[in-house]
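Subject: Structure handover

Hello,

Here is the structure I promised you. Please open it and keep it beside you as you read. My notes follow below.

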Amino acid sequence: MTTTTDPHPESFRLSMLIYDSRYRSMTIQIVALIGFLLLIGWLISNTAQNLITLGKEPSFGFMTEPAGYDINQRLLDYNSQDSHLRAALIGLLNTLLVAVMGCIAATIIGVVVGVLRLSNNWIVSRLMAVYVEGFRNVPVLLWIVFGMAILIETLPPPKAFRGENPEASMLLGDSVALTNRGFYVPEPLFSRGLGDVHLLGNSSLRFDVSLDLIAVGAVFLASILISGLIGRRANAIQNATGDRPTVWFWRLGVVVLPTVLVLWILGFYLGYPELKGFNFKGGTYMRNSLIALWAALSLYTAAFIAEIVRAGILAVSKGQTEAANALGLRPRRTMSLVILPQALRVIIPPLISNYLNLTKNSSLAIAVGYMDITGTLGGITLNQTGRELETLLMLMLVYLIISLTISGVMNWYNESVKLKER
Amino acid sequence: MTDFSYVRSEMLDEKAPPSSSTGLVGWARQNLFNGVANSVLTVLSLIVIYFILAAILPWIFVPTWNGTSLQNCREILTAAGSVGEHGASGACWGVINERWQQLLFGFYPDAERWRPILAFALLFVAVIPVLFNMISRRMNWVLLLAVLGVGIMTRGGAVALVIGVAFLAAAVYVAFKMFGTSKGDRALEIAEGAKRLPNPLIFSAIFPFIAPWLLWGGSVWVPIGAALGFLIGYGVYRAFVGAIGSLGALILAVIVPIVWWLFLVGSFSSLMDSILPFGLEAVESRKFGGFMLSITIGVVAIACSLPIGIVLALGRQSDLMIVKALCVGFIEFIRGVPLITLLFVASTLLNIFLPPGTNFDIILRVLIMVTLFASAYMAEVIRGGLAALPTGQYEAADALGLDYWKAQRLIIMPQALKISIPGIVSTFIGVFKDTVLVSIIALLDPLGLNNAIRADANWNGIVWELYGFIALIFFVFCFSMSRYSMYLERKLRTDHR
Amino acid sequence: MKKTVFLGALTVAGLAAGASAAATLDDVKARGKLNCGVTTGLVGFAAPDANGHWDGFDVGVCRAVAAAVLGDAEAVEFVPTTGKTRFTALASGEIDVLARNTTWTLSRDVDLKFTFVGVNYYDGQGFMVPKGLGVSSAKELDGATVCIQTGTTTELNLADFFRANNMSYEPVPIETNAEAQQQYLAGACDVYTTDASGLAATRASFEAPADHILLPEIISKEPLGPLVRHGDNEWGDIVRWSLNALISAEELGVTSANIGEMAAAAGDNPEINRILGTEGNLGEMLGLDAGWAKAAIMAGGNYGELFEKNIGENTPIGLSRGLNAQWKDGGLIYSPPFR
């Protein structure tokens with residue numbers, strides 16, 4: 001280092017790999033890469049050697065063998081003779097179901113609580129603070145188990161609905177039954193239905209699509225679209241003439257009438273749950289494991305979201321409200337045009353990571369026997385086949401894909417929110 | 001001279017505000033019943049609170065502290081007249097009375113339980129200089145000496161008593177000096193050449209060697225040997241930095257300690273042990289359980305993940321493409337999968353990944369996986385801290401001519417870490433709460449013990465008491481930590497709004 | 001700097017952990033402790049008490065093996081395992097023997113590569129229902145909600161049973177017995193199914209056991225027994241014959257009370273003599289000392305004593321011997337001869 005000679009641009013010495021900043025970064029990267037590859041290679045060779053000793057050659061063949069166990073909650077048809085792969089698929093759908101429901105509920109509760117915590121009503125803001133601190137500071141697994149225990153212990157069993165003078169009765173004109181096995185609510189049925197389409201034949205990924213639902217959905221979407229067009233035309237007229245034509249009844253009619261018509265054509269009616277045999281039959285059955293998991297996850301995550309929302313609202317400086325007031329905006333418009341767009345920018349990034357956490361926490365479903373993908377693929381399938389390596393790899397891959405998708409979508413949304421700000 | 005004036009010359013006394021706006025009534029009007037919506041909310045909240053308390057309080061306050069089994073509790077409850085529609089109703093606190101020690105310490109031997117307690121107390125002493133800088137150096141030493149003194153005295157025996165008293169006396173002496181001399185006098189003394197007390201961070205650096213020794217026991221020479229590795233590394237660096245340049249010395253300073261740890265520590269400690277045997281009774285990790293296990297996993301994971309997290313965060317920020325890709329890949333992978341799957345890996349796969357014949361116990365495997373898990377989150381926290389630093393700091397470091405590592409060590413990291421402390425504390429809270437997941441892979445943490453206790457024929461059928469107790473303790477720990485982190489956040493916030 | 005918490009821990013605790021090699025017996029002797037996998041808690045079979053001392057029927061087998069090998073019934077490390085972790089723990093050498101009410105099946109024996117050394121409890125999957133349900137046979141359970149404990153063969157048997165009888169049901173999978181019991185008692189499921197022994201144990205802990213009945217159908221064979229890894233037959237032999245010693249001891253009337261005088265000198269019965277090491281060299285063949293079986297029986301008593309003490313009719317669990325009586329009393333418990 002002490003001798004400083006003019007380096008010849010052409011001459012290359014080995015030591016330049018370390019001491020010349022032009023090459024050093026390359027050297028470091030290559031060393032890191034080689035180290036990483038060596039580590040991976042070492043792990044793989046160990047694994048291969050160990051698996052040979054254990055006599056378990058890695059193979060995914062077991063996924064096509066019959067699973068042999070039943071799953072209570074399933075969004076697609078499934079029986080115990082279906083393959084492990086299908087069981088995993090059913091579990092995956094259950095995971096997604098509780099994750100989506102949880103994210104929606106957590107957002108709603110979180111926003112309400114976050115706003116109420118800023119309320120000037122002392123007792124309400126205290127109550128919300130107690131809720132937030134209570135839920136945030138106790139492990140979510142405990143809350144899930146708690147929620148299950150509360151449902152089981154406080155609600156009546158189905159047999160309480162039986163007999164001349166039942167201890168419990170159904171709600172809302174005998175349409176809803178709250179039991180400690182879960183909630184039974186009316187289900188939509190069609191007497192002149194179009195039937196289902198069976199896709200993908202008999203494979204593990206087969207699924208049915210209800211044509212009725214597609215028909216209703218398509219009509220509903222189309223009418224929303226038309227209603228939007230009417231609104232846009234009204235805006236155009238307002239911009240051109242200064243008078244806004246009254247169109248709300250047109251829009252309402254366009255949305256409601258076709259949908260109702262389609263429902264009537266298909267013979268829509270509600271199927272009510274009824275006590276038959278051991279259980280209620282008919283209606284949509286929401287199992288207590290789903291409800292407990294859903295409630296616990298949403299309440300737990302909502303406590304975090306409430307804090308995020310509160311911080312987001314507080315982060316918008318008071319001058320913004322005052323400026324909006326000075327412009328003559330009414331409080332509601334101040335909120336929707338000035339405060340919220342700015343608060344959202346603060347709120348959304350941590351919100352995304354809370355959605356991710358909720359999705360990952362849904363893997364605790366095994367504590368209450370909700371058959372999500374951890375319960376099927378990482379639970380009973382793993383137990384029955386003894387294929388830890390394969391099942392866990394698939395399990396992690398699935399979660400990874402879900403997480404990356406969520407964060408990808410949310411980041412994209414975040415970007416689009418950011419762009420509007422200019 | 002007379003002063004006729006039509007203007008009042010003295011102020012009137014203030015009138016008391018109307019009674020409706022003062023005192024309890026005024027407060028209630030202002031905070032609870034200002035407006036219809038608020039009044040409705042208030043009444044609703046009061047009703048909710050009433051129903052919750054009416055359901056819980058009678059259940060909690062029952063005389064079953066001495067119950068010996070669930071059956072016995074039911075008898076006590078029936079005798080005391082708290083009978084609901086389904087027979088005796090009320091908590092059975094006997095189970096907590098009998099098992100609370102187990103819930104706290106797991107199967108850690110009775111006689112050795114002072115060790116985790118001492119380690120826990122020392123943990124506080126060790127983190128205080130890191131976390132609270134308002135506490136004075138002398139105060140810190142008083143605390144340390146007092147904790148050590150009490151800890152050793154409780155061991156019983158004449159020698160322990162003497163050493164303990166000596167520690168306590170030292171603590172008293174330092175405390176006396178502290179209160180006896182004012183801050184200004186002390187500064188004067190130091191200016192005249194009085195010795196300052198050593199920086200308490202020294203103890204924070206030693207603590208990572210003391211704590212495992214206290215918890216796991218064994219020969220005292222093992223942690224000393226491990227610590228010597230760092231000294232050796234430093235010594236090697238100093239010795240060779242002149243001869244072969246800083247980079248070569250650095251490489252040597254990494255290799256030599258590793259060789260020392262891998263091949264020589266064992267023989268060193270057994271040699272020293274044969275010369276001067278001193279140690280604590282070894283306690284296997286399998287004996288760890290209850291909250292002690294949770295805290296151990298949490299603290300070890302956070303402590304170990306800090307350096308890994310720093311490296312990952314720097315890697316993620318770096319311009320080196322491959323390094324960056326590796327770091328991002330690792331962080332996103334760990335953050336993308338649930339902890340429970342990583343724990344499944346720990347319990348079922350980790351042994352398969354390692355060379356045939358390696359086998360270390362489940363708690364260590366869990367520690368490894370939780371550390372990896374925590375370091376991904378830690379990396380993100382530290383990255384946030386790095387991003388929060390103004391660019392001027394980087395530029396200033398460059399302008400001073402510092403190289404990358406010097407800039408990181410002297411300028412960037414001290415500030416970034418300080419900003420990240422609240423984030424680190426909340427990561428710790430998260431990891432601490434997540435440790436209950438280990439019950440799913442059959443470790444006896446509080447929730448795992450809860451199952452084991454409920455499998456005891458005496459307590460079969462207990463539900464709420466154990467869950468309530470566990471939840472309460474978690475709440476106390478996590479709530480105080482989150483309060484602390486909020487306090488820090490307020491203290492560190494320098495912007496004025 | 002903090003990295004050393006981990007390094008220190010690794011070094012310290014690494015010393016305590018042994019490596020798995022072919023010769024399990026040598027490992028166990030070198031370690032001075034037997035690592036035995038048990039459940040995380042099942043009434044009567046394995047549960048820790050307030051002092052962390054494990055007790056139960058499966059635990060008794062572990063203690064007997066430890067006594068036979070190491071001469072000390074307390075030289076056992078109990079490793080709690082779940083349905084998921086138990087096989088990995090055994091395969092990876094973390095435990096030497098698994099005594100966790102595990103059913104002996106072909107696939108576990110062949111595919112998972114374990115050796116079942118015998119059967120310490122003949123069980124079968126049964127059903128428990130509340131009396132008020134008015135059900136007297138499992139065939140009447142069409143449409144019922146069934147609580148099952150997961151991680152065992154139970155859910156497969158159940159699926160097969162309902163499919164074979166063309167009935168529908170609503171499975172409620174639950175991880176632990178305690179949770180299942182809570183759900184069943186609250187009426188969240190109509191039926192609780194698991195091994196009949198577990199059902200009896202669970203029922204015994206109810207406030208009103210008489211309100212619940214076990215249905216007559218036993219839908220599966222569940223021979224539960226200790227198991228070891230494939231590939232170390234010497235170790236398998238030791239565990240097998242320790243269990244057999246307990247069984248033979250009961251058959252021959254050797255109890256923990258009279259074993260002292262019986263072992264003091266060779267008696268009239270040559271088989272007792274051979275078991276207790278006063279005649280022949282059976283212990284030497286196994287690689288143990290001559291008093292191995294004596295130590296095993298002293299540990300917790302013979303098979304019958306273990307049964308009576310932990311799960312028998314005088315315990316809260318109150319299981320009768322049934323299939324688990326000695327063969328000469330009409331049961332299936334039968335030990336090959338010690339010769």
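Start with two helices of chain B in this predicted model. Helix α14 (residues 362–388) and helix α16 (residues 404–434) have axes that come within 8 Å and cross at roughly 140 degrees. An axis here is a line fitted to C-alpha atoms, for helices over the stretch in contact, and angles run from 0 to 180 degrees between N-to-C directions. Helices (H or I, at least four residues) and strands (E, at least two) are DSSP runs, numbered from the N terminus.

Are α14(B) and α16(B) parallel or oblique to each other? They are oblique, because of that angle. The cut-offs: under 35 degrees is roughly parallel, over 145 roughly antiparallel, 65 to 115 roughly perpendicular, and the rest oblique. The crossing of α14(B) and α16(B) is right-handed. That is, the near helix is turned clockwise from the far one by less than a right angle; anticlockwise would be left-handed.

Among the residues making this contact are Val370(B), Tyr377(B) and Gly384(B) of α14(B), and Ile412(B), Ser420(B) and Val431(B) of α16(B). Contact means that C-beta atoms, placed from the backbone, lie within 7 Å. By class, the contact has 14 nonpolar, 5 polar and no charged residues. Ala, Val, Leu, Ile, Met, Phe, Trp, Tyr, Cys and Pro count as nonpolar, Asp, Glu, Lys and Arg as charged, and the others, Gly among them, as polar.

Next, chain B against chain A. Here 43 residues of chain B touch 46 residues of chain A. On the chain B side, α2 (36–60), α10 (221–275), α12 (321–336), α13 (339–353) and α18 (464–492) each give two or more residues. That side has 32 nonpolar, 9 polar and 2 charged residues.

Now chain C. It has 14 helices and 14 strands. Its domains are domain 1 (22–122 + 224–329) and domain 2 (125–220), with bounds from an automatic or database domain assignment. Their centres, taken over C-alpha atoms, are 30 Å apart. Between them, 15 residues of domain 1 of chain C contact 12 residues of domain 2 of chain C. The C-alpha atoms of chain C fill a box of roughly 70 × 60 × 40 Å along the principal axes.

Two notes on conventions. Residues are numbered from 1 along each chain as its sequence is written, with chains lettered from A and ligands numbered from 1 in the order written. Local features need pLDDT of at least 70, and side-chain atom pairs count only at pLDDT 80 or more, while totals for chains, interfaces and linings use all residues.

Best wishes

Notes: Two residues are in contact if their C-beta atoms, placed from the backbone, lie within 7 Å.
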